[in-house]
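The exercises below are meant to be worked through with the sequence and the model side by side. Each one sets a task, and a solution follows step by step.

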Amino acid sequence: MTDAELWSQWTLWAVVAGAVVVVAAALLVTILVTAQGILDEAARALEAAEEIRTHTLPIWALDTTNEVAEGILATVQAIEQDGALLVEELEAHTGSGGVL
């Protein structure tokens, strides 16, 4: 192999190696840009999830609200029953000629 052929082969392989390095660098830059985009979208998704959590916190308090409402309902029903008994007693006294 002559010096000219050796130089020609070396130049060819240097160009090929340079092209491989450029392609690999381009792929790495593409991966980096894509990863940054994914990170940005993940941050936005996390913010949205936090907003959703904040807006849905009152739903978790509904159990307590329902328990309180059931207690109020039971109290109102007891008052209604006592009121009905009181009305019956008053009617019994006034119906028999009693005076209030």
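## Exercise 1: Salt bridges

In this predicted model, the side chains of Glu50 and Arg53 meet in a salt bridge, with 2.8 Å from N to O. Work out where this pair sits and how exposed its two members are, and then find how many salt bridges a search of the whole structure gives.

*Solution.* Begin with the position: Glu50 and Arg53 both belong to helix H1, where they are 3 residues apart, or about one turn of the helix. Next, take the accessibility of each residue. Glu50 has a relative accessible area of 39% and is therefore partly exposed, since the partly exposed class runs between the 20% limit for buried and the 50% limit for exposed. Arg53, with 43%, is likewise partly exposed.

Finally, turn to the whole structure, for which the search finds 2 salt bridges. Besides the pair already described, Glu41 forms a salt bridge with Arg44, and the closest N and O atoms there are 3.0 Å apart. Glu41 and Arg44 also both lie in helix H1, with a separation of 3 residues, which is about one turn of the helix. Here the two partners fall into separate classes, because Glu41 is partly exposed at 44%, whereas Arg44 counts as exposed at 54% relative accessibility.

## Exercise 2: The course of helix H1

Determine whether the distance between the ends of H1 agrees or disagrees with the span expected from its number of residues, and locate the place where the helix bends.

*Solution.* First, note that helix H1 covers residues 3-60. At 1.5 Å a residue, its 58 residues should span 86 Å, and the end C-alpha atoms are 83 Å apart, so the two values agree. Then follow the helix to Thr54, where H1 bends by about 30 degrees, and where a proline, Pro58, follows within four residues.

A pair of C-alpha atoms gives a further distance: Ala43 and Asp3 are 40 residues apart along the chain, and 59 Å separates them. Ala43 is itself part of helix H1, and its relative accessibility of 37% makes it partly exposed.

## Exercise 3: Overall form

Decide whether the protein is spread out or compact when set against the globule rule, and describe its extent along the principal axes.

*Solution.* Start from the secondary structure, which consists of 2 helices and 0 strands. The radius of gyration is 43 Å, well over the 13 Å that the globule rule gives for 100 residues, so the protein is more spread out than a compact globule. The C-alpha trace, taken along its principal axes, spans about 140 × 15 × 15 Å. A long-range pair can be added to this picture, as Val22 and Ile72 are 50 residues apart in sequence and, from C-alpha to C-alpha, 75 Å apart in space.

## Exercise 4: The surface

Find what share of the residues counts as buried, and name the residues that make a nonpolar surface patch of about 400 Å².

*Solution.* Of the 100 residues, 0% count as buried. The accessible surface of the protein comes to about 8900 Å², and 71% of this belongs to carbon and sulfur atoms. The patch is made by Leu12, Trp13, Val16 and Val20. Within it, Leu12 lies in helix H1 and counts as partly exposed, because its relative accessibility is 44%. Val22, which also has its place in helix H1, is exposed, with a relative accessible area of 55%.

Conventions
Residues are numbered from 1 along each chain as its sequence is written. This is a predicted model: local features need pLDDT of at least 70, side-chain atom pairs count only at pLDDT 80 or more; totals for chains, interfaces and linings use all residues. Side-chain values use heavy atoms; hydrogens and water are left out. Patches are made of residues with over 30% relative accessible area and no salt bridge: like charges are joined within 9 Å, nonpolar side chains (Val, Leu, Ile, Met, Phe, Trp, Tyr) within 5 Å. Accessible areas come from the Shrake-Rupley method with a 1.4 Å probe; for residues, only the protein chains shown count as cover. A salt bridge is a side-chain nitrogen of Lys or Arg within 4 Å of a carboxyl oxygen of Asp or Glu. Buried means under 20% relative accessible area, exposed over 50%, partly exposed in between (1.4 Å probe, protein chains only). The radius of gyration is taken over C-alpha atoms; the globule rule is 2.2 Å times the number of residues to the power 0.38. The expected span of a helix is 1.5 Å times one less than its number of residues. The bend at a residue is the angle between axes fitted to the seven residues ending there and the seven starting there.
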